[in-house]
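Okay, thanks for coming, everyone. I'll put the structure up and then talk you through a few side chains and one helix.

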Amino acid sequence: MTDKVEYPEHLDPEIIKGALFIHNAEDKEEANNRMMFLAKHLGNHKMAFVMAILMLPFLMEIVERSEEYKEYFELRKKKLN
């Protein structure tokens with residue numbers, strides 16, 4: 001049995017730490033500096049995952065306002081009742 005934990009690429013601890021590093025910046029300028037630093041350190045592919053994690057709450061709000069989302073959950077509610 002192996003003790004190594006396997007992570008999906010987008011949930012690698014380096015990606016999570018990068019998102020937290022940016023999220024905890026004191027202001028937008030510092031966040032921008034941190035993004036530039038991480039882009040050089042992690043590369044474009046990993047940086048795309050970092051930014052996706054940071055954007056997730058905003059994207060979820062957009063999806064929740066969509067007609068498709070509302071229809072889907074309305075149909076589920078009808079099936080469960």
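So, which residues does Arg34 touch, not counting residues up to four places away in sequence? Before I answer, keep in mind that what you're looking at is a predicted model. Right, the list is Phe21, Ile22, Asn24 and Ala25. Arg34 itself lies in helix H2.

Now, is Arg34 buried or exposed? Arg34 is buried, because its relative accessibility is 18% and the cut-off for buried is under 20%. And look at where the charged end goes: it sits over the ring of Phe21, 4.4 Å from the ring's centre.

Arg34 has a charged partner as well. In general, side chains of opposite charge can pair when their charged atoms come close. Here the partner is Glu30, and the salt bridge between Glu30 and Arg34 has its closest N and O atoms 3.1 Å apart. Both residues belong to helix H2, and they are 4 residues apart, about one turn of the helix. Glu30 is partly exposed, at 31% relative accessibility, while Arg34, as I said, counts as buried.

How many salt bridges does a search of the whole structure find? The number is 3. You've just met one of them, Glu30 with Arg34.

Next, please find Lys46 and Glu14. Their side chains meet in a salt bridge, at 2.7 Å from N to O. This pair links distant parts of the chain, with Lys46 in helix H3 and Glu14 in helix H1, 32 residues apart. On accessibility, Lys46 comes out as partly exposed at 28%, and Glu14 is partly exposed too, at 32%.

Then there's Lys4 with Glu6. That salt bridge has its closest N and O atoms 4.0 Å apart. Are these two buried or exposed? Glu6 counts as exposed because its relative accessibility is 62%, and the line for exposed is over 50%. Lys4 is exposed as well, at 59%.

Let's go back to helix H1, since Glu14 brought us there. At the start of H1, Asp12 reaches in with a side-chain oxygen, which comes to within 2.8 Å of the backbone nitrogen of Glu14.

Which residues of H1, residues 13–23, are buried? They are Ile15, Gly18, Ala19 and Ile22. If you look down the axis of H1, those buried residues fall within an arc of 95°, so they line one face of the helix. And what covers them? The cover includes helix H2, residues 28–42, and helix H3, residues 44–65. Remember Ile22 from the opening question: Ile22 is one of the residues that Arg34 in H2 touches.

Last stop, the aromatics. A pair of aromatic rings is described by the distance of the centres and the angle of the planes. The structure holds 3 aromatic pairs. One of them is Tyr72 with Phe73, which is edge-to-face: the centres are 5.0 Å apart and the planes make an angle of 90°. Both rings belong to residues that are partly exposed, with Tyr72 at 45% relative accessible area and Phe73 at 38%. Which residues make up the aromatic cluster here? Tyr69 joins Tyr72 and Phe73, and together they form one cluster.

If you take one picture away, I'd make it Arg34: buried, with its charged end over the ring of Phe21 and a salt bridge to Glu30. Okay, over to you.

Definitions and conventions: Residues numbered from 1 in each chain as written. Predicted model: local features only at pLDDT ≥ 70, side-chain atom pairs only at ≥ 80, totals over all residues. Heavy atoms only, no water. Phe/Tyr/Trp six-rings, centres within 6.5 Å; stacked < 30°, edge-to-face > 60°. Buried < 20%, exposed > 50% of the residue type's maximum accessible area, 1.4 Å probe, protein only. Lys NZ or Arg CZ within 6 Å of the ring centre and 35° of its normal. Helix = DSSP H or I, 4+ residues; strand = E, 2+ residues; numbered from the N terminus. Arc of directions from axis to C-beta. Contact = heavy atoms within 4.5 Å. Polar contact = N/O pair within 3.5 Å; in protein donor to acceptor, adjacent residues only side chain to side chain.
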